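Could you walk me through this model in my viewer, stop by stop? I would like to know what to select next and what I will find there.

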Amino acid sequence: MRILLILAHPDPNSLNHAIAAAARQTLEQNGHEVLFHDLHAEGFDPLLPAGEIPRGATLPGDVARHCEEAAQADGLIIVHPNWWGMPPAILAGWVDRVMRPGTAYEFVGEDGGEGVPVGLLKADKAIVLNTSNTEAGREETVFGDPLERIWKDCVFGLCGVADVTRRMFRIVCTSTAQERREWLDETARIVAETFPPEA
Ligand SMILES: Cc1cc2nc3c(=O)[nH]c(=O)nc-3n(C[C@H](O)[C@H](O)[C@H](O)COP(=O)(O)O)c2cc1C
């Protein structure tokens, strides 16, 4: 399978980088083709210019490539920390520019608004791997775990990816080396279960 792996974290020594590396290694060991993008390392520009908003707009080469890869991937993996209950801005901007009408989704029919969204992505499975410093009970009761809805409903649900596995690794700031090793092992397990070895 061809899997698109997107990493959004500025620090190469971060846990997020280690998680993405574990995911990538597992995919490659299992015979998958990995399309890997470290958005910071690539200097991905997250600002959607006005000229790119219309459907069918002419896109710069790197954005067009991301759109093509996202549309054609058999599976997607997103790795990022929880920043203010949101993905880091570089990743929010990647969604703005890459999850486009015509390749990631389409509005059809009449519903009193833009129309009913229909997902166009080829992938039927995605994994979202997050890290945070908030205890699980507080995340749920005080903040409502916004990342759960952002990824499962607002982005992947709308773009047609129904099967989304999300794992939040917490609490990073007080974690031991042993815990972090176990999180990387768990990452490998989740990735191998979701995208099993090529036959
Ligand atoms: C700008 C910023 C915003 C953050 N917002 C939150 C937050 O809303 N909730 C939370 O639990 N942690 C928050 N954090 C902490 C990060 O989630 C945490 O540092 C990260 O998950 C640790 O992973 P890393 O070692 O890969 O950076 C924030 C950190 C930064 C830098």
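In this tour, two residues are in contact when heavy atoms of theirs lie within 4.5 Å. Keep in mind as you click along that the model is predicted.

**Stop 1: a residue in strand 1.** Select L4, which sits in strand 1 (residues 2-7). Is L4 buried or exposed? Its relative accessibility is 0%, so L4 counts as buried. Now show what surrounds L4: beyond its neighbours within four places in sequence, its contacts are L35, H37, E69, A70, A73, G75, L76, I77 and W94. Pick A73 from that set and draw a distance between C-alpha atoms: L4 and A73 are 69 residues apart along the chain, yet these atoms are separated by 6.0 Å.

**Stop 2: the ligand.** Next, select the ligand and display its shell. You should find 14 residues around the ligand, with H9, N16, N82, T131 and T134 as the closest. By type, the shell consists of nine polar residues and five nonpolar ones, with no charged residue. Three distances from oxygen atoms of the ligand are good to draw here:

- to an N or O atom in the side chain of T134, 2.5 Å;
- to a polar backbone atom of N82, 2.8 Å;
- to a polar backbone atom of S132, 3.4 Å.

On its own the ligand has 630 Å² of accessible area, and the protein covers 68% of that. Colour helix 1 (15-29) and strand 6 (125-132) while you are here: these are the elements that give two or more residues to the shell.

**Stop 3: backbone details.** Switch to a backbone view and go to W84, in the loop between strand 3 (75-81) and helix 4 (89-98). Phi of W84 is near 60°, a positive value in a residue other than glycine. W84 is exposed, with 81% relative accessibility.

Move on to D145, in the loop between helix 5 (136-143) and helix 6 (146-157). Here too phi is positive in a residue other than glycine, near 45°, but D145 is buried, at 11% relative accessible area.

Then select R170 and I171. The peptide bond from R170 to I171 is cis, with omega near 0°. You will find I171 in the loop between strand 7 (163-170) and helix 7 (177-194).

**Stop 4: salt bridges.** How many salt bridges does the structure hold? There are 11. Begin with E106 and R55, whose side chains meet at 2.7 Å, N to O. This pair links distant parts of the chain, 51 residues apart: E106 belongs to strand 4 (residues 105-108), and R55 to the loop between helix 2 (39-42) and helix 3 (61-72). R55 is exposed, at 54% relative accessible area.

Select K122 and D74 next, a salt bridge of 3.1 Å, N to O. K122 is in the loop between strand 5 (116-119) and strand 6, and D74 is in the loop between helix 3 and strand 3, so the salt bridge ties together parts 48 residues apart in sequence. K122 is partly exposed at 48%, and D74 is partly exposed at 21%.

Finish in helix 6, where R149 and D153 are four residues apart, about one turn of the helix. Their side chains form a salt bridge of 2.9 Å, N to O. R149 is exposed, at 54% relative accessible area, while D153 is partly exposed, at 40%. As a last selection, take D145, E148, K152 and R166: salt bridges with shared partners join these residues into one network.

Notes:
Residues numbered from 1 in each chain as written. Predicted model: local features only at pLDDT ≥ 70, side-chain atom pairs only at ≥ 80, totals over all residues. Heavy atoms only, no water. Near = heavy atom within 4 Å. Polar contact = N/O pair within 3.5 Å; in protein donor to acceptor, adjacent residues only side chain to side chain. Areas by Shrake-Rupley, 256 points an atom, 1.4 Å probe, with all protein chains shown as cover. Nonpolar A, V, L, I, M, F, W, Y, C, P; charged D, E, K, R; others polar. Buried < 20%, exposed > 50% of the residue type's maximum accessible area, 1.4 Å probe, protein only. Salt bridge = Lys/Arg side-chain N within 4 Å of Asp/Glu carboxyl O.
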